[in-house]
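I opened the notebook to look up two things. One is how a pair of helices pack, and the other is where empty space is left inside.

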Amino acid sequence: MSATAVHSLWTTAVEPIDKIPAPHIEYAQLAPALIVVGAAIVGVLVEAFVPRKARYYTQVYLTVVALVAAFAAVVALAAGGYGTTKAHIAAMGAIAVDGPALFLQGTILLASLVAVFTFAERRLDPEAHGNRIDSFAAQAASVPGSDSEKAAVKAGFTTTEVFPLVLFAITGMLIFPAANDLLTLFVALEVFSLPLYLLCAVARRKRLMSQEAAVKYFLLGAFSSAFLLFGIALLYGYAGSMSYARIAGVVDGSVRTIDPALADTMGNDALLLIGGGMILTGLLFKVGAVPFHMWTPDVYQGAPTPVTGFMAAATKVAAFGALLRLLYVVLPGLSWDWRPVLWGIAIVTMLGGAIVAITQTDIKRLLAYSSIAHAGFILAGVIATTPDGISSVLFYLLAYSFVTIGAFAVVTLVRDAGGEATHLSKWAGLGRRSPLVAAVFAVFLLAFAGIPLTSGFSGKFAVFKAAAEGGAGALVVVGVISSAIAAFFYIRVIVLMFFSEPKADGPTVAVASPLTMTTIAVGVAVTVVLGVAPQYFLDLASQAGIFVR
(Lines give C-alpha, C1' and ligand atoms only; values in the text may rest on other atoms or scores of the structure.)
Protein backbone atom coordinates (compact mmCIF):
# COMPACT_ATOMS: atom_id res chain seq x y z
CA MET A 1 0.00 0.00 0.00
CA SER A 2 1.43 3.38 -0.95
CA ALA A 3 2.12 6.07 1.59
CA THR A 4 -0.55 8.35 0.08
CA ALA A 5 -3.21 5.62 0.51
CA VAL A 6 -2.25 5.15 4.17
CA HIS A 7 -2.32 8.90 4.62
CA SER A 8 -5.78 9.21 3.09
CA LEU A 9 -7.12 6.33 5.26
CA TRP A 10 -5.69 7.99 8.31
CA THR A 11 -7.25 11.37 7.55
CA THR A 12 -10.71 10.08 6.72
CA ALA A 13 -10.99 7.64 9.66
CA VAL A 14 -11.01 10.44 12.22
CA GLU A 15 -14.01 12.75 12.20
CA PRO A 16 -12.86 16.37 12.14
CA ILE A 17 -13.55 18.22 15.40
CA ASP A 18 -14.63 21.81 14.95
CA LYS A 19 -13.44 22.96 18.36
CA ILE A 20 -12.88 21.51 21.82
CA PRO A 21 -15.17 23.29 24.32
CA ALA A 22 -13.18 25.24 26.91
CA PRO A 23 -14.02 24.49 30.57
CA HIS A 24 -16.15 27.13 32.26
CA ILE A 25 -14.50 28.09 35.57
CA GLU A 26 -15.93 30.69 37.97
CA TYR A 27 -12.60 32.10 39.17
CA ALA A 28 -14.10 34.66 41.55
CA GLN A 29 -16.01 31.98 43.46
CA LEU A 30 -12.93 29.78 43.73
CA ALA A 31 -10.79 32.75 44.83
CA PRO A 32 -9.99 31.53 48.39
CA ALA A 33 -8.29 28.35 47.17
CA LEU A 34 -6.71 30.07 44.15
CA ILE A 35 -5.14 32.81 46.30
CA VAL A 36 -3.59 30.23 48.65
CA VAL A 37 -2.26 27.95 45.90
CA GLY A 38 -0.89 31.00 44.04
CA ALA A 39 0.97 32.10 47.18
CA ALA A 40 2.29 28.54 47.63
CA ILE A 41 3.74 28.57 44.10
CA VAL A 42 5.29 32.00 44.73
CA GLY A 43 6.71 30.56 47.98
CA VAL A 44 8.46 27.81 46.02
CA LEU A 45 9.97 30.47 43.73
CA VAL A 46 11.07 32.47 46.79
CA GLU A 47 13.06 29.41 47.93
CA ALA A 48 14.78 29.34 44.55
CA PHE A 49 15.54 33.01 43.97
CA VAL A 50 15.53 35.02 47.20
CA PRO A 51 18.84 35.14 49.16
CA ARG A 52 18.89 32.84 52.20
CA LYS A 53 19.01 35.68 54.74
CA ALA A 54 15.79 37.27 53.48
CA ARG A 55 13.79 34.08 52.92
CA TYR A 56 12.30 33.68 56.39
CA TYR A 57 10.79 37.19 56.48
CA THR A 58 9.61 36.96 52.86
CA GLN A 59 7.90 33.62 53.44
CA VAL A 60 6.19 34.64 56.69
CA TYR A 61 4.94 37.87 55.12
CA LEU A 62 3.74 36.10 51.96
CA THR A 63 1.94 33.37 53.96
CA VAL A 64 0.16 35.77 56.32
CA VAL A 65 -0.92 38.09 53.49
CA ALA A 66 -2.21 35.15 51.42
CA LEU A 67 -4.27 33.72 54.30
CA VAL A 68 -5.74 37.12 55.18
CA ALA A 69 -6.60 37.77 51.50
CA ALA A 70 -8.19 34.31 51.15
CA PHE A 71 -10.26 34.88 54.30
CA ALA A 72 -11.37 38.26 52.93
CA ALA A 73 -12.44 36.45 49.73
CA VAL A 74 -14.51 33.97 51.79
CA VAL A 75 -16.19 36.85 53.66
CA ALA A 76 -16.88 38.63 50.36
CA LEU A 77 -18.49 35.49 48.90
CA ALA A 78 -20.62 35.01 52.02
CA ALA A 79 -21.66 38.68 51.96
CA GLY A 80 -22.54 38.28 48.26
CA GLY A 81 -25.09 35.61 49.17
CA TYR A 82 -23.12 32.59 47.92
CA GLY A 83 -23.66 30.87 51.26
CA THR A 84 -27.45 31.14 51.02
CA THR A 85 -29.47 32.34 48.01
CA LYS A 86 -26.75 32.12 45.33
CA ALA A 87 -25.30 28.78 46.50
CA HIS A 88 -24.51 26.65 43.46
CA ILE A 89 -22.12 24.13 41.93
CA ALA A 90 -19.07 25.79 40.32
CA ALA A 91 -16.16 24.63 38.13
CA MET A 92 -18.30 22.42 35.87
CA GLY A 93 -19.73 20.40 38.74
CA ALA A 94 -16.45 19.85 40.61
CA ILE A 95 -16.83 22.24 43.55
CA ALA A 96 -19.81 23.39 45.63
CA VAL A 97 -20.00 27.03 46.69
CA ASP A 98 -22.49 26.96 49.56
CA GLY A 99 -22.93 27.75 53.26
CA PRO A 100 -21.08 24.77 54.78
CA ALA A 101 -18.20 25.10 52.29
CA LEU A 102 -17.70 28.83 53.01
CA PHE A 103 -18.07 28.40 56.79
CA LEU A 104 -15.52 25.57 56.87
CA GLN A 105 -13.14 27.40 54.53
CA GLY A 106 -13.29 30.48 56.77
CA THR A 107 -12.63 28.32 59.85
CA ILE A 108 -9.66 26.57 58.17
CA LEU A 109 -8.14 29.89 57.03
CA LEU A 110 -8.47 31.58 60.43
CA ALA A 111 -7.13 28.52 62.28
CA SER A 112 -4.25 28.23 59.80
CA LEU A 113 -3.38 31.90 60.14
CA VAL A 114 -3.13 31.54 63.91
CA ALA A 115 -1.16 28.29 63.55
CA VAL A 116 1.33 29.84 61.10
CA PHE A 117 2.40 32.28 63.83
CA THR A 118 3.71 29.30 65.85
CA PHE A 119 5.61 28.09 62.74
CA ALA A 120 7.34 31.47 62.54
CA GLU A 121 8.34 31.52 66.25
CA ARG A 122 12.15 31.92 66.66
CA ARG A 123 12.74 32.98 70.26
CA LEU A 124 11.94 29.87 72.28
CA ASP A 125 15.31 28.13 71.90
CA PRO A 126 18.57 29.86 72.82
CA GLU A 127 20.46 31.19 69.82
CA ALA A 128 22.84 28.73 68.15
CA HIS A 129 26.11 30.18 66.72
CA GLY A 130 24.56 33.65 66.87
CA ASN A 131 21.53 32.65 64.81
CA ARG A 132 17.92 32.47 65.94
CA ILE A 133 16.40 29.02 65.46
CA ASP A 134 12.86 27.72 65.06
CA SER A 135 11.13 24.34 65.57
CA PHE A 136 12.29 22.90 62.25
CA ALA A 137 15.47 21.08 61.19
CA ALA A 138 18.28 23.27 59.89
CA GLN A 139 18.55 21.09 56.80
CA ALA A 140 15.78 18.53 56.41
CA ALA A 141 17.72 16.45 53.84
CA SER A 142 20.70 15.78 56.12
CA VAL A 143 20.93 12.61 58.24
CA PRO A 144 20.20 13.29 61.96
CA GLY A 145 23.46 13.77 63.86
CA SER A 146 25.61 13.87 60.69
CA ASP A 147 28.39 16.33 59.89
CA SER A 148 26.24 18.00 57.22
CA GLU A 149 23.54 18.67 59.81
CA LYS A 150 26.08 20.19 62.22
CA ALA A 151 27.46 22.35 59.42
CA ALA A 152 23.94 23.51 58.52
CA VAL A 153 23.22 24.47 62.16
CA LYS A 154 26.54 26.31 62.37
CA ALA A 155 25.81 28.21 59.16
CA GLY A 156 22.40 29.22 60.55
CA PHE A 157 20.29 27.52 57.88
CA THR A 158 16.53 27.29 58.44
CA THR A 159 13.92 25.18 56.68
CA THR A 160 11.76 27.99 55.33
CA GLU A 161 10.15 25.51 52.90
CA VAL A 162 7.63 24.75 55.64
CA PHE A 163 5.65 27.87 54.66
CA PRO A 164 4.89 26.90 51.03
CA LEU A 165 4.21 23.34 52.26
CA VAL A 166 1.64 24.67 54.73
CA LEU A 167 0.01 26.73 51.98
CA PHE A 168 -0.26 23.67 49.71
CA ALA A 169 -1.81 21.70 52.60
CA ILE A 170 -4.30 24.53 53.24
CA THR A 171 -5.24 24.56 49.52
CA GLY A 172 -6.17 20.88 49.70
CA MET A 173 -8.09 21.46 52.93
CA LEU A 174 -10.10 24.32 51.37
CA ILE A 175 -11.18 22.15 48.43
CA PHE A 176 -11.77 18.94 50.42
CA PRO A 177 -15.06 19.96 52.16
CA ALA A 178 -16.25 21.78 49.02
CA ALA A 179 -15.57 18.92 46.57
CA ASN A 180 -18.69 17.94 44.66
CA ASP A 181 -17.40 14.92 42.81
CA LEU A 182 -15.39 11.97 44.01
CA LEU A 183 -12.34 12.66 41.86
CA THR A 184 -11.99 16.22 43.18
CA LEU A 185 -12.37 14.78 46.69
CA PHE A 186 -9.46 12.38 46.12
CA VAL A 187 -7.18 14.98 44.52
CA ALA A 188 -7.85 17.41 47.41
CA LEU A 189 -7.09 14.62 49.92
CA GLU A 190 -3.69 13.98 48.33
CA VAL A 191 -2.90 17.69 47.98
CA PHE A 192 -3.26 18.25 51.72
CA SER A 193 -1.88 14.89 52.90
CA LEU A 194 1.47 14.89 51.10
CA PRO A 195 2.71 18.22 52.56
CA LEU A 196 1.62 17.05 56.03
CA TYR A 197 3.71 13.86 55.70
CA LEU A 198 6.73 16.06 54.99
CA LEU A 199 5.99 18.60 57.72
CA CYS A 200 5.80 15.81 60.33
CA ALA A 201 9.38 14.76 59.54
CA VAL A 202 11.25 18.06 59.97
CA ALA A 203 11.47 18.56 63.75
CA ARG A 204 14.74 20.21 64.87
CA ARG A 205 15.03 18.16 68.06
CA LYS A 206 14.11 14.46 68.40
CA ARG A 207 14.54 14.14 64.64
CA LEU A 208 14.48 10.33 64.56
CA MET A 209 11.18 10.32 66.45
CA SER A 210 9.86 12.94 64.05
CA GLN A 211 10.88 10.88 61.00
CA GLU A 212 9.34 7.75 62.53
CA ALA A 213 6.08 9.67 63.03
CA ALA A 214 6.14 10.79 59.40
CA VAL A 215 6.72 7.25 58.11
CA LYS A 216 3.85 5.88 60.22
CA TYR A 217 1.57 8.67 59.03
CA PHE A 218 2.62 8.14 55.41
CA LEU A 219 2.10 4.35 55.43
CA LEU A 220 -1.26 4.46 57.20
CA GLY A 221 -2.29 7.49 55.13
CA ALA A 222 -1.50 5.56 51.95
CA PHE A 223 -3.73 2.75 53.24
CA SER A 224 -6.59 5.14 53.84
CA SER A 225 -6.13 6.75 50.39
CA ALA A 226 -6.25 3.27 48.83
CA PHE A 227 -9.52 2.51 50.64
CA LEU A 228 -10.96 5.81 49.46
CA LEU A 229 -9.87 5.24 45.86
CA PHE A 230 -11.22 1.69 45.78
CA GLY A 231 -14.52 2.96 47.21
CA ILE A 232 -14.66 5.66 44.50
CA ALA A 233 -14.15 3.00 41.80
CA LEU A 234 -16.98 0.87 43.20
CA LEU A 235 -19.35 3.85 43.47
CA TYR A 236 -18.53 4.77 39.88
CA GLY A 237 -19.43 1.23 38.84
CA TYR A 238 -22.67 1.56 40.77
CA ALA A 239 -23.81 4.97 39.49
CA GLY A 240 -21.87 5.45 36.25
CA SER A 241 -20.74 8.88 37.45
CA MET A 242 -18.38 10.61 39.86
CA SER A 243 -20.81 13.48 40.49
CA TYR A 244 -22.41 13.63 43.95
CA ALA A 245 -25.83 14.63 42.59
CA ARG A 246 -25.88 11.83 40.02
CA ILE A 247 -24.87 9.18 42.60
CA ALA A 248 -27.52 10.48 45.02
CA GLY A 249 -30.08 10.29 42.19
CA VAL A 250 -29.20 6.65 41.44
CA VAL A 251 -29.34 5.80 45.17
CA ASP A 252 -32.84 7.24 45.67
CA GLY A 253 -34.10 5.97 42.30
CA SER A 254 -34.76 9.35 40.60
CA VAL A 255 -32.12 8.65 37.91
CA ARG A 256 -33.04 5.63 35.79
CA THR A 257 -31.00 6.09 32.59
CA ILE A 258 -28.46 3.28 32.40
CA ASP A 259 -25.04 3.71 30.79
CA PRO A 260 -24.76 0.80 28.31
CA ALA A 261 -21.10 0.26 29.25
CA LEU A 262 -22.11 -0.21 32.90
CA ALA A 263 -25.37 -2.08 32.31
CA ASP A 264 -24.18 -5.10 34.31
CA THR A 265 -23.15 -3.20 37.43
CA MET A 266 -25.32 -0.07 37.54
CA GLY A 267 -27.72 -0.10 40.46
CA ASN A 268 -25.99 -3.10 42.09
CA ASP A 269 -26.47 -2.52 45.82
CA ALA A 270 -23.43 -4.57 46.82
CA LEU A 271 -21.20 -2.08 44.99
CA LEU A 272 -22.99 0.82 46.68
CA LEU A 273 -22.63 -0.59 50.20
CA ILE A 274 -19.02 -1.74 49.86
CA GLY A 275 -17.96 1.41 47.98
CA GLY A 276 -19.72 3.73 50.44
CA GLY A 277 -18.15 1.83 53.35
CA MET A 278 -14.66 2.16 51.86
CA ILE A 279 -14.98 5.91 51.24
CA LEU A 280 -16.29 6.30 54.80
CA THR A 281 -13.23 4.37 56.06
CA GLY A 282 -10.88 6.74 54.23
CA LEU A 283 -12.58 9.81 55.71
CA LEU A 284 -12.84 8.38 59.25
CA PHE A 285 -9.09 7.74 59.12
CA LYS A 286 -8.45 11.44 58.49
CA VAL A 287 -10.85 12.33 61.32
CA GLY A 288 -9.01 9.96 63.69
CA ALA A 289 -12.04 7.87 64.74
CA VAL A 290 -11.57 4.47 66.42
CA PRO A 291 -10.55 1.94 64.98
CA PHE A 292 -8.78 4.10 62.37
CA HIS A 293 -6.96 6.18 64.99
CA MET A 294 -3.73 4.20 65.39
CA TRP A 295 -1.57 6.87 63.73
CA THR A 296 -2.84 9.77 65.85
CA PRO A 297 -0.88 9.49 69.16
CA ASP A 298 2.46 8.63 67.53
CA VAL A 299 2.19 11.34 64.86
CA TYR A 300 1.02 14.02 67.32
CA GLN A 301 3.90 13.16 69.66
CA GLY A 302 6.64 12.93 67.02
CA ALA A 303 5.75 15.84 64.73
CA PRO A 304 7.05 19.36 65.51
CA THR A 305 4.52 20.86 67.95
CA PRO A 306 3.46 23.78 65.68
CA VAL A 307 2.68 21.19 62.96
CA THR A 308 0.76 19.05 65.45
CA GLY A 309 -1.43 22.00 66.43
CA PHE A 310 -2.09 22.95 62.81
CA MET A 311 -2.81 19.36 61.78
CA ALA A 312 -5.03 18.59 64.77
CA ALA A 313 -7.24 21.60 64.06
CA ALA A 314 -7.34 22.12 60.30
CA THR A 315 -7.35 18.46 59.17
CA LYS A 316 -10.31 17.68 61.44
CA VAL A 317 -12.29 20.63 60.08
CA ALA A 318 -11.63 19.63 56.46
CA ALA A 319 -12.28 15.91 56.99
CA PHE A 320 -15.54 16.43 58.91
CA GLY A 321 -16.69 18.85 56.21
CA ALA A 322 -16.10 16.22 53.52
CA LEU A 323 -17.76 13.53 55.68
CA LEU A 324 -20.86 15.71 56.20
CA ARG A 325 -21.18 16.42 52.48
CA LEU A 326 -20.76 12.75 51.57
CA LEU A 327 -23.41 11.56 54.05
CA TYR A 328 -25.91 14.41 53.62
CA VAL A 329 -25.61 15.00 49.85
CA VAL A 330 -24.54 11.66 48.32
CA LEU A 331 -25.90 9.03 50.69
CA PRO A 332 -28.96 10.48 52.46
CA GLY A 333 -31.00 7.68 50.87
CA LEU A 334 -28.72 5.20 52.60
CA SER A 335 -28.98 6.64 56.11
CA TRP A 336 -30.63 3.44 57.43
CA ASP A 337 -27.41 1.66 56.53
CA TRP A 338 -24.74 4.13 57.62
CA ARG A 339 -26.33 5.43 60.82
CA PRO A 340 -25.99 2.17 62.82
CA VAL A 341 -22.34 1.87 61.70
CA LEU A 342 -21.57 5.44 62.76
CA TRP A 343 -23.41 4.86 66.05
CA GLY A 344 -20.98 2.07 66.86
CA ILE A 345 -17.94 4.06 65.71
CA ALA A 346 -19.01 7.16 67.67
CA ILE A 347 -19.48 5.13 70.88
CA VAL A 348 -16.11 3.32 70.71
CA THR A 349 -14.39 6.58 69.67
CA MET A 350 -15.78 8.59 72.60
CA LEU A 351 -15.12 5.89 75.19
CA GLY A 352 -11.83 4.67 73.68
CA GLY A 353 -10.31 8.15 73.43
CA ALA A 354 -11.38 9.11 76.96
CA ILE A 355 -10.33 5.87 78.70
CA VAL A 356 -6.93 5.45 77.03
CA ALA A 357 -6.09 9.13 77.64
CA ILE A 358 -6.14 8.46 81.41
CA THR A 359 -3.06 6.22 81.10
CA GLN A 360 -0.93 8.72 79.14
CA THR A 361 2.19 10.27 80.64
CA ASP A 362 3.10 12.57 77.72
CA ILE A 363 1.15 15.80 77.27
CA LYS A 364 1.11 15.57 73.45
CA ARG A 365 -0.14 11.96 73.52
CA LEU A 366 -2.78 12.98 76.07
CA LEU A 367 -4.00 15.73 73.73
CA ALA A 368 -3.96 13.21 70.85
CA TYR A 369 -6.30 10.81 72.68
CA SER A 370 -8.38 13.80 73.72
CA SER A 371 -8.73 14.71 70.01
CA ILE A 372 -9.91 11.14 69.31
CA ALA A 373 -12.61 11.51 71.98
CA HIS A 374 -13.64 14.84 70.43
CA ALA A 375 -13.96 13.15 67.03
CA GLY A 376 -16.53 10.88 68.70
CA PHE A 377 -18.45 13.87 70.11
CA ILE A 378 -18.56 15.52 66.67
CA LEU A 379 -19.76 12.24 65.10
CA ALA A 380 -22.77 12.43 67.45
CA GLY A 381 -23.78 15.63 65.62
CA VAL A 382 -23.18 13.99 62.22
CA ILE A 383 -25.49 11.11 63.18
CA ALA A 384 -28.36 13.52 63.97
CA THR A 385 -29.25 13.77 60.22
CA THR A 386 -31.08 17.08 60.82
CA PRO A 387 -30.25 20.68 59.82
CA ASP A 388 -29.35 21.29 63.49
CA GLY A 389 -26.89 18.40 63.21
CA ILE A 390 -25.01 20.17 60.42
CA SER A 391 -24.91 23.56 62.16
CA SER A 392 -23.88 22.06 65.53
CA VAL A 393 -20.96 20.23 63.87
CA LEU A 394 -19.88 23.45 62.11
CA PHE A 395 -19.95 25.34 65.43
CA TYR A 396 -18.08 22.58 67.28
CA LEU A 397 -15.33 22.52 64.63
CA LEU A 398 -14.91 26.31 64.93
CA ALA A 399 -14.68 26.14 68.73
CA TYR A 400 -12.44 23.06 68.80
CA SER A 401 -9.86 24.27 66.28
CA PHE A 402 -8.86 27.38 68.23
CA VAL A 403 -8.70 25.59 71.60
CA THR A 404 -6.44 22.94 70.04
CA ILE A 405 -4.01 25.36 68.38
CA GLY A 406 -3.84 27.40 71.60
CA ALA A 407 -3.15 24.31 73.73
CA PHE A 408 -0.31 23.12 71.49
CA ALA A 409 1.11 26.66 71.40
CA VAL A 410 1.33 26.56 75.23
CA VAL A 411 3.09 23.16 75.01
CA THR A 412 5.86 24.79 72.91
CA LEU A 413 6.63 27.23 75.75
CA VAL A 414 7.45 24.68 78.49
CA ARG A 415 11.09 23.70 77.93
CA ASP A 416 14.14 22.13 79.50
CA ALA A 417 17.65 21.45 78.19
CA GLY A 418 16.38 18.86 75.67
CA GLY A 419 13.77 21.16 74.12
CA GLU A 420 10.05 20.85 74.89
CA ALA A 421 9.31 19.16 78.22
CA THR A 422 6.32 17.06 77.24
CA HIS A 423 6.45 14.46 80.04
CA LEU A 424 3.62 15.16 82.48
CA SER A 425 5.84 14.79 85.56
CA LYS A 426 7.78 17.87 84.40
CA TRP A 427 4.62 19.98 84.44
CA ALA A 428 4.30 19.54 88.22
CA GLY A 429 4.20 22.88 90.01
CA LEU A 430 4.11 24.87 86.77
CA GLY A 431 1.35 27.06 88.27
CA ARG A 432 3.78 28.31 90.93
CA ARG A 433 6.64 28.94 88.49
CA SER A 434 4.59 30.81 85.91
CA PRO A 435 0.99 31.25 87.00
CA LEU A 436 -0.10 32.97 83.76
CA VAL A 437 0.95 30.16 81.40
CA ALA A 438 -0.56 27.51 83.69
CA ALA A 439 -3.80 29.50 83.98
CA VAL A 440 -4.07 29.83 80.19
CA PHE A 441 -3.46 26.10 79.74
CA ALA A 442 -6.07 25.42 82.43
CA VAL A 443 -8.60 27.46 80.41
CA PHE A 444 -7.92 25.30 77.34
CA LEU A 445 -8.19 22.08 79.39
CA LEU A 446 -11.50 23.22 80.90
CA ALA A 447 -12.77 23.98 77.37
CA PHE A 448 -11.74 20.48 76.24
CA ALA A 449 -13.58 19.07 79.26
CA GLY A 450 -16.71 21.03 78.32
CA ILE A 451 -17.01 23.10 81.51
CA PRO A 452 -19.72 25.83 81.27
CA LEU A 453 -18.67 29.33 80.11
CA THR A 454 -16.10 27.84 77.72
CA SER A 455 -16.50 27.19 73.98
CA GLY A 456 -16.22 23.44 74.66
CA PHE A 457 -19.45 23.49 76.66
CA SER A 458 -21.37 25.43 73.97
CA GLY A 459 -20.11 23.04 71.28
CA LYS A 460 -20.90 19.87 73.21
CA PHE A 461 -24.31 21.18 74.20
CA ALA A 462 -25.17 21.99 70.57
CA VAL A 463 -23.98 18.61 69.28
CA PHE A 464 -25.69 16.55 72.00
CA LYS A 465 -28.93 18.55 71.66
CA ALA A 466 -28.97 17.89 67.89
CA ALA A 467 -28.24 14.18 68.46
CA ALA A 468 -31.02 13.86 71.05
CA GLU A 469 -33.54 15.60 68.77
CA GLY A 470 -32.40 13.37 65.90
CA GLY A 471 -33.36 10.26 67.90
CA ALA A 472 -29.90 9.36 69.20
CA GLY A 473 -30.63 9.85 72.90
CA ALA A 474 -28.63 6.78 73.96
CA LEU A 475 -25.61 8.19 72.16
CA VAL A 476 -25.90 11.39 74.19
CA VAL A 477 -25.82 9.36 77.42
CA VAL A 478 -22.59 7.65 76.30
CA GLY A 479 -21.23 11.08 75.29
CA VAL A 480 -21.93 12.56 78.73
CA ILE A 481 -20.28 9.55 80.44
CA SER A 482 -17.24 9.92 78.14
CA SER A 483 -17.08 13.65 78.93
CA ALA A 484 -17.05 12.82 82.65
CA ILE A 485 -14.20 10.33 82.15
CA ALA A 486 -12.32 12.88 80.02
CA ALA A 487 -12.85 15.62 82.63
CA PHE A 488 -10.88 13.45 85.09
CA PHE A 489 -7.61 13.56 83.15
CA TYR A 490 -7.95 17.23 82.17
CA ILE A 491 -8.51 18.25 85.78
CA ARG A 492 -5.69 15.93 86.87
CA VAL A 493 -3.28 18.04 84.78
CA ILE A 494 -4.66 21.24 86.34
CA VAL A 495 -4.18 19.77 89.84
CA LEU A 496 -0.65 18.69 88.90
CA MET A 497 0.20 22.23 87.73
CA PHE A 498 -1.26 24.15 90.68
CA PHE A 499 -1.14 21.81 93.68
CA SER A 500 2.18 19.97 93.27
CA GLU A 501 5.61 21.09 94.44
CA PRO A 502 7.80 22.26 91.56
CA LYS A 503 10.99 20.21 91.08
CA ALA A 504 14.33 21.98 91.45
CA ASP A 505 15.50 20.82 88.02
CA GLY A 506 12.10 21.33 86.43
CA PRO A 507 11.51 22.99 83.07
CA THR A 508 11.33 26.73 82.52
CA VAL A 509 8.73 28.64 80.55
CA ALA A 510 10.38 30.28 77.57
CA VAL A 511 9.55 33.90 76.81
CA ALA A 512 7.93 33.80 73.38
CA SER A 513 7.81 36.48 70.73
CA PRO A 514 4.54 38.35 70.00
CA LEU A 515 3.77 35.67 67.35
CA THR A 516 3.13 32.79 69.77
CA MET A 517 1.58 35.20 72.27
CA THR A 518 -0.92 36.24 69.58
CA THR A 519 -1.78 32.59 68.88
CA ILE A 520 -2.43 31.89 72.57
CA ALA A 521 -4.33 35.15 73.10
CA VAL A 522 -6.62 34.47 70.12
CA GLY A 523 -7.19 30.93 71.41
CA VAL A 524 -8.22 32.20 74.85
CA ALA A 525 -10.39 34.98 73.39
CA VAL A 526 -12.28 32.60 71.08
CA THR A 527 -12.69 30.05 73.88
CA VAL A 528 -14.20 32.64 76.24
CA VAL A 529 -16.34 34.46 73.65
CA LEU A 530 -17.84 31.26 72.23
CA GLY A 531 -18.48 30.10 75.79
CA VAL A 532 -20.05 33.28 77.18
CA ALA A 533 -21.90 34.57 74.09
CA PRO A 534 -22.17 31.77 71.54
CA GLN A 535 -25.53 32.76 70.05
CA TYR A 536 -24.27 34.89 67.14
CA PHE A 537 -21.94 32.11 66.00
CA LEU A 538 -24.61 29.43 66.44
CA ASP A 539 -26.93 31.53 64.25
CA LEU A 540 -24.14 31.95 61.70
CA ALA A 541 -23.59 28.17 61.63
CA SER A 542 -27.32 27.49 61.24
CA GLN A 543 -27.56 29.98 58.34
CA ALA A 544 -24.56 28.25 56.74
CA GLY A 545 -25.92 24.75 57.36
CA ILE A 546 -27.66 24.12 54.02
CA PHE A 547 -25.88 22.03 51.40
CA VAL A 548 -26.42 22.81 47.73
CA ARG A 549 -27.46 19.69 45.81
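I began with a crossing: α10 passes α12 in a left-handed one (the near helix is turned anticlockwise from the far one by less than a right angle). Helices here are DSSP runs of H or I, at least four residues, numbered from the N terminus.

I noted the ground rules. This is a predicted model, where local features need pLDDT of at least 70 and side-chain atom pairs count only at pLDDT 80 or more, while totals for chains, interfaces and linings use all residues. Residues are numbered from 1 along each chain, and side-chain values use heavy atoms, without hydrogens and water.

I checked the axes next. Those of α10 (residues 269-287) and α12 (residues 305-330) come within 8 Å and cross at roughly 155°. That makes α10 roughly antiparallel to α12 (an angle over 145 degrees).

I looked up the contact (heavy atoms within 4.5 Å). Leu280, Leu283 and Leu284 are among the α10 residues in it, and Ala319, Phe320 and Leu323 are among those of α12.

Then I turned to cavities (sets of points on a 1 Å grid where a 1.4 Å probe fits but cannot get out). I found 3 of 30 Å³ or more. The largest has a volume of about 60 Å³. Its lining (residues with an atom within 4 Å of a point) includes His374, Tyr396 and Phe448. α15 gives the most to that lining, with 4 residues.

The second largest cavity holds about 50 Å³ of space. Here α12 gives the most to the lining, with 4 residues. Lys286, Thr315 and Lys316 are among its lining residues, and they also belong to the α10 and α12 contact.

How values were computed: Axes fitted to C-alpha atoms, helices over the stretch in contact; angles between N-to-C directions. Helix = DSSP H or I, 4+ residues; strand = E, 2+ residues; numbered from the N terminus. Parallel < 35°, antiparallel > 145°, perpendicular 65-115°, else oblique. 1 Å grid on protein atoms, 1.4 Å probe; cavity = no way out; pocket = protein on both sides within 12 Å on 5 of 7 lines; lining within 4 Å. Points joined across faces, edges and corners; volume = space filled by probe spheres on them.
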